[in-house]
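Happy to walk through this one with you. Have the sequence and the model open, and we will go question by question.

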Amino acid sequence: MFFDRPKSGETAILVHLILGTEHEPEDPREFEELVLSAGGDPVALVAGQRNAPHPKYFVGKGKLDELAELVQQTCAELVIFNHNLSPSQERNLEAALKCRVLDRTGLILDIFAQRARTHEGKLQVELAQLQHMSTRLVRGWTHLERQKGGIGLRGPGETQLETDRRLLRNRIKSILGRLDKVRRQRDQGRRSRLRAEMPTISLVGYTNAGKSTLFNRLSNAEVFVANQLFATLDPTMRRLEVNGFGPVVLADTVGFISHLPHKLVEAFRATLEEAASASLLLHVVDAHSDERSTNIARVNEVLGEIDALELPTLMVYNKIDLLENPAPRLDFDEAGKPVAVWLSAQTGQGFDLLAQAIASLLSNDIVHDTYRLLPTMGRLRAMLYERKAVLAESPSDNGNMLVEICMPRPDFYRLLQSEQLTPDDLQWQPCQSPSLTRPH
């Protein structure tokens, strides 16, 4: 007998089992935070342990009876599993418990649906939801077993279930086409930044690690910030001036989570490609979290899925103001390259160290040479001074200016391009020259 789903409610019973077949069990605390982020009101947590899931109900007969009794006592309208259920298990549980049943993937999809604000984000969420729903179409239209013939009633002869599946396939195809257009537009934007040689810095990290707070303080933006999982869903990009380097593009991305559903990874591939094509990744970590090491490993797992694990990465340990000794610091490797910075995005501690580390990592390709500038290149000289790229200068006998320059090579070429010049138009001289005088 088919069970009609009631209207979804917020009062929920949580189910968390420890399975012997799981290599990395889910975290019940994170599970509860996910439910709270979705707007749910957990009234009970049912925990247990099994060697393997029950093929029909996922839980055993005893736990099923316990759940049914709890649903009646608490008048819960929703039972949420911290696991992925098969479509048949979901339907069997709903029939037995007489309430709506949701698994972990469905819960995360619901949170994403609430957070999506841009057109692209809504398309990506809808695609993931439809792909998830396509295997969970419940045959509830038994009174429309098959469309009947007759005048005005002749149709394709499909059952209602077949019609629903066809409509889903058409909608998925339409969304994939629109997302492909979005992907081409993003590729075009990335190519434009590459032509301008503008580096991109992407913030990545576990959800609720403080990426948006860090993004807002760095770029003076007003991205939505909240102490909840997946507060940021839509990517935001801002231009940022890095002291000692120059302009960059800063991108805030969606937070990662353990066992992020593959449907979401595929649906958000256009967004995640911003991280995969970045010049530098800032891996933001909640330094105060007990699961710090585990969360780093989970983020690296997702970065591996989008082929971004080999990109230059700076670890950013955030929320040091919650530690006992909140002292900002910069960690280096054996070669003297910055590998980690400890700071607080909330208080601003350590941001000077972050800028220093970013400039150092992005400035591997530096122009440090001496050039003779012609008298007609006065505007180029002024722009070099404006960017504090002139280390020393001295006039020559023929009216040219001998200038020692130190600045990022992309910025240098961009300046030359704005003046319709090439490096060959400048007369290169050896960098060490005793006649140069330092500018005041």
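Q: Is C99 buried or exposed?
A: This is a predicted model, in which local features need pLDDT of at least 70 and side-chain atom pairs count only at pLDDT 80 or more, while totals for chains, interfaces and linings use all residues. Residues are numbered from 1 along each chain as its sequence is written, and side-chain values use heavy atoms, with hydrogens and water left out. Buried means under 20% relative accessible area, exposed over 50%, and partly exposed in between, with a 1.4 Å probe and protein chains only. C99 has 1% relative accessibility, so C99 counts as buried.

Q: And is C75 buried or exposed?
A: The relative accessibility of C75 is 58%. The cut-off for exposed is over 50%, so C75 counts as exposed.

Q: How many disulfides does the structure hold?
A: A disulfide is taken as a pair of cysteine sulfur atoms within 2.5 Å. By that criterion, the number of disulfides in the structure is 0.

Q: Which strands stand at the edges of the open sheet of 7 strands?
A: Helices (H or I, at least four residues) and strands (E, at least two) are DSSP runs numbered from the N terminus, and two strands pair if DSSP finds at least two bridges between them. The sheet runs in the order β6-β7-β5-β8-β9-β11-β10, with mixed pairing. Each edge strand has a single partner, so one side of it is left without a neighbour in the sheet; these are β6 (236-242) and β10 (329-332).

Q: In which sense do β8 and β9 pair?
A: Strands of a sheet pair through backbone hydrogen bonds, either parallel or antiparallel. Here β8 (residues 280-286) and β9 (residues 313-318) share 6 bridges, and V285 stands opposite Y317 in β9. The sense of the pairing is parallel.

Q: What angle does the direction of helix α10 make with that of β8?
A: Helix α10 (residues 292-305) packs on the sheet, where it touches β5 (200-205), β8, β9 and β11 (338-342); contact means heavy atoms within 4.5 Å. Axes are lines fitted to C-alpha atoms, for helices over the stretch in contact, and angles run from 0 to 180 degrees between N-to-C directions. For α10 and β8, the angle is about 150°.

Q: How many residues apart in sequence are the parts that E291 and R29 tie together?
A: A salt bridge is a side-chain nitrogen of Lys or Arg within 4 Å of a carboxyl oxygen of Asp or Glu. E291 and R29 form one, with their closest N and O atoms 3.0 Å apart. Since E291 lies in the loop between β8 and α10 and R29 in helix α1 (residues 28-37), the separation that the pair spans is 262 residues.

Q: What separates E66 and K63 along helix α2?
A: Their side chains meet in a salt bridge at 3.5 Å, N to O. E66 is partly exposed at 34% relative accessible area, and K63 is partly exposed at 25%. Because they are 3 residues apart in helix α2 (residues 61-74), their separation is about one helical turn.

Q: Where in the protein chain is confidence lowest?
A: pLDDT is the predictor's confidence in each residue, from 0 to 100. The chain has a mean of 77, and 75% of its residues reach 70 or more. Confidence is highest in β9, at 92, and lowest, at a mean of 62, in strand β15 (residues 427-429).
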